[in-house]
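User: I would like to go through a few local environments of this model with you, one question at a time. Please reason each answer from the coordinates.

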Amino acid sequence: MSVPNSGLVAGSHRRNELHVLPAHEEPKSQPRHPAKICGVCGDEIGLKENSDLFVACYECGFPVCQPCYEYERSEGHQCCPQCNTRYKRHKGCPRVAGDEEESGDVDDFEDEFKTKIHQETNEYNNVVTNHSENGDEIHNRHPNGPAFSSFAGSVAGKDLDGDKDGYGNVEWKERVEKWKARQEKKGLVSKEDGGNEHEEEDDILMAEARQPLWRKVPIPSSKINPYRIVIVLRLVILGFFLHFRVMTPAMDAYPLWLISVICEIWFAFSWILDQFPKWFPITRQTYLDRLSMRFEREGEPSRLLPVDFFVSTVDPLKEPPIITANTVLSILAVDYPVEKVSCYVSDDGASMLLFDTLSETAEFARRWVPFCKKYSIEPRAPEFYFSQKIDYLKDKVQPSFVKERRAMKREYEEFKVRINALVAKAQKKPEEGWVMQDGTPWPGNNTRDHPGMIQVYLGSAGALDVEGKELPRLVYVSREKRPGYQHHKKAGAMNALIRVSAVLTNAPFMLNLDCDHYVNNSKAVREAMCFLMDPQLGKKLCYVQFPQRFDGIDLHDRYANRNIVFFDINMKGLDGIQGPVYVGTGCVFNRQALYGYDPPASQKRAKMTCDCWPSWCCCCFRGRSRKHKSKKEERGFGAGFYNKKKKMTNYSKKGSSPVFDLEEIEEGLEGYEELEKSSLMSQKNFEKRFGQSPVFITSTLMEEGGLPQGTNPASLIKEAIHVISCGYEEKTEWGKEIGWIYGSVTEDILTGFKMHCRGWKSVYCMPDLPAFKGSAPINLSDRLHQVLRWALGSVEIFLSRHCPLWYGYGGNLKWLERLAYTNTIVYPFTSIPLLAYCTIPAVCLLTGKFIIPTLTNLASIWFMALFLSIIATGILELRWSGVSIQDWWRNEQFWVIGGVSAHLFAVFQGLLKVLAGVDTNFTVTSKTADDTEFGDLYLFKWTTLLIPPTTLIILNMVGVVAGVSDAINNGYGSWGPLFGKLFFAFWVIVHLYPFLKGLMGRQNRTPTIVVLWSILLASIFSLVWVRIDPFLPKAKGPLLKQCGVEC
């Protein structure tokens, strides 16, 4: 299948308009012919000597390869992992204990079921096999029918992808290898003699390919156990400390004491929410070589599943086109089969500048992509590759590399000149609007009222690189916008990309990136596939999240832009529970999870029971288990839809043409039973849930992606325009249960939370070479506005029905995972007690009062124990995570800076938005394209967010001066109580020091700390000088004073 050479297609389904502009390249289809794989190890099921398919269990037909079958009989439970029926011995297989009890000649077992074997083999090779007894569905391509894919899940609620809950994949393979070794020692299995070295090498490679694609690496007990012990001790000490604080009020400063105790109780609650989700941190290791050996065998087409890349952008003037172009180029050059890669760029600003930029990018990619793959360079974003300060000749043995690199760098500089010329031209919009090169007016001249636009740049037979090889598909998408419609910002744009990609390519996995996050590791997609294509874990994963890493940040990371503590500590902890939260970029999604389906039911293996009692007998708990199972099937929308989807698939596979119109379902209902008929009739509910697009609905039924055979390329483009129309989502579940969820500017947290509530799991992947890198706002004002947007989204979720405090109970969300999500939406409210707590030291210094009465020896012990436990927790956390103390300290500082500024404003803006309906504008974070290193770091931009922290610094500095002055006036006895007050005041000043440095701007000669200490010391010295009064004459003799009595 190929999309017609139609060029830019713009249209409005609501207005029944479709305009085709000059031609460009078209994408190709990706027909898929999946092979039957073993449900235990994930390898292909081979054939027997008579060329028939090997069938291990004739009761249910559960797919198991012969090595796993022999191992299960010899070392395992000797039973089928699905129906729990004891395996019978096949002809030629070694005998095991229990075979003698079988009646008859077991060697003739194959002949006894010869007819059944022949029937199953024919069904496998020609049509879909449907075992109605347990709802299993095993699929292969019909010779004359559409290439639909297999589906996991069943009416009985069983997991059909062969999930063995008895033991994990790693343990299974280790046991298999040990068994093979023992068989060789016993002489039961002999290696082939000389002359077969090549075959032995293939056997070794096959054995390696059957190994797990990843493994879980727990934190060593010597590091994690002391950490957990200190956490428990800190919790106990915290309880005694709060008991002391509550029971010993400071009567002379009761209001200050009450405020401080309330703040400390909230801090304790906030610490619990943040700390306990980090109880089970883990790391994971992938095996890319095994992935290649399993799915990319020599001489066979690659069986890696396709991936659709999503790149989102809004304003090309704030998000420079050269950055977006680098992101696109790095995607087109990834180390993945080109026919399985598609890149969709969402232009939510309908900018002709981005349209022309992608046209230039597609032309430059014809030379850049083959250069990257020829020399295996990293990273594959040209701007960042050529700016590396490394020896590019290292490990490059090709004599032509130096010459080609210089030529490529020269071509890239010319490419940048062309892009910069487009940017300069776009600075001033003509009065008549933008006009395309062929004289056609640009359809997006009015950014708030324009039709949907789609342009396919690469991906057809004619769009080849300079070496004549095919390039990945590149598609420009700008959804329709009309006045009076709610477009839902980024979340709405991402949902439009889901539908467009489903119509044009329908890859089973999607990777979304911000326009400023380029692919830094060309094998990043393969890293994710090690999890998503795992035969046991993959079907249960909603996404694989990668950590965010950044370029262009100053060495000291003044404003904690790297966010190392969150990505290297918190996310590892969540990976050990139910999975990391979705952070908005650098994430590979399972398309089925975004469609609102539940994961395949993971049912534990049933215990052995006798068949001698009736089904109602409570001895075997048969009736109870069936009742429980039926209740579990009916729970939630996803489970019911999953079963309906499977039945829809069975029906569509029986036809000879693909299903594009749901009305055809009604025409083919003759001959079905009433129950099945009602189930098929209910498929009309798909339109209410997914929208009025039969093509898109059909794509949701194809679990492994791909396009149905016989599709009309011209109709696909028209349908793609339809699914991005502004009214398509009306009266559907988009944004409510499907796709990116609406209702918050931080749609990422909400989307991940909904999937985890359905029972999906996620995985955190941290390759040695960072998968993606992006740019961060290193300027203080931009950084605070970015944090403000995140906090505002958390407040919106807190005030919505999706709040983790009350949403999703009775589902599959684990308690520690719920605790983590609660922390993500509660943390902005910590700004209120934090602001009060940072003000208290200054008030105490100015008034001479203190929140703590005179300390007893016991109270001093609790204070010291609490501070020591805080320090010990931090040290042990750094020890197991590998985070540096500098990153940890920067995170602590910015927690205070953001808490008393951005988080505080987010709380009040969120309350105004939800309660009063006062909406706040979404501010796009500026992506710098300045060549000056750290040029924006010292740029000062005034914003109201700077007022609270500035006030706190001034208050505490004045308080320090006043406190020292008072101590000087009152003598030696007043210095003792002063030290406690000064400690808290300096705690505030030290945490706000990076903010103070940002306020003072660039200091070329004098460091900020010198200026700060100079002001403080000068003020104190002035007070001391005034107190001493060295130049005033001292009177001798008695001191005479006026009595005040008028004589």
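User: Is C838 buried or exposed, and at what relative accessibility?

Analyst: In this predicted model, C838 is found in helix α27, which spans residues 831-847. Since buried means under 20% relative accessible area, C838 counts as buried, its relative accessibility being 0%.

User: Which residues does C838 touch, not counting residues up to four places away in sequence?

Analyst: C838 and I953 are 115 residues apart in sequence, yet their C-alpha atoms lie 9.4 Å apart in space. With residues up to four places away in sequence not counted, the residues that C838 touches are V896, V900, L952, N956, W987 and V988.

User: Which backbone nitrogen lies 3.0 Å from a polar atom of the side chain of S330?

Analyst: S330 lies in helix α9, residues 321-332, and is buried, with a relative accessible area of 1%. Its side chain reaches the backbone oxygen of T327 at 2.7 Å. Not counting residues up to four places away in sequence, S330 touches R380, A381, Y518 and V519, and the backbone nitrogen at 3.0 Å from a polar atom of the S330 side chain is that of V519.

User: How many of the 12 residues of α26 are buried?

Analyst: Helix α26, residues 815-826, reaches 16 Å from its first C-alpha to its last, close to the 16 Å expected. What covers its buried residues includes α7, β13, α15, α24 and α25. Among the buried residues are E817, R818 and Y821, and the helix is mostly covered, the number of buried residues being 9.

Key
Residues numbered from 1 in each chain as written. Predicted model: local features only at pLDDT ≥ 70, side-chain atom pairs only at ≥ 80, totals over all residues. Heavy atoms only, no water. Helix = DSSP H or I, 4+ residues; strand = E, 2+ residues; numbered from the N terminus. Expected span 1.5 Å × (residues − 1). Buried < 20%, exposed > 50% of the residue type's maximum accessible area, 1.4 Å probe, protein only. Contact = heavy atoms within 4.5 Å. Polar contact = N/O pair within 3.5 Å; in protein donor to acceptor, adjacent residues only side chain to side chain.
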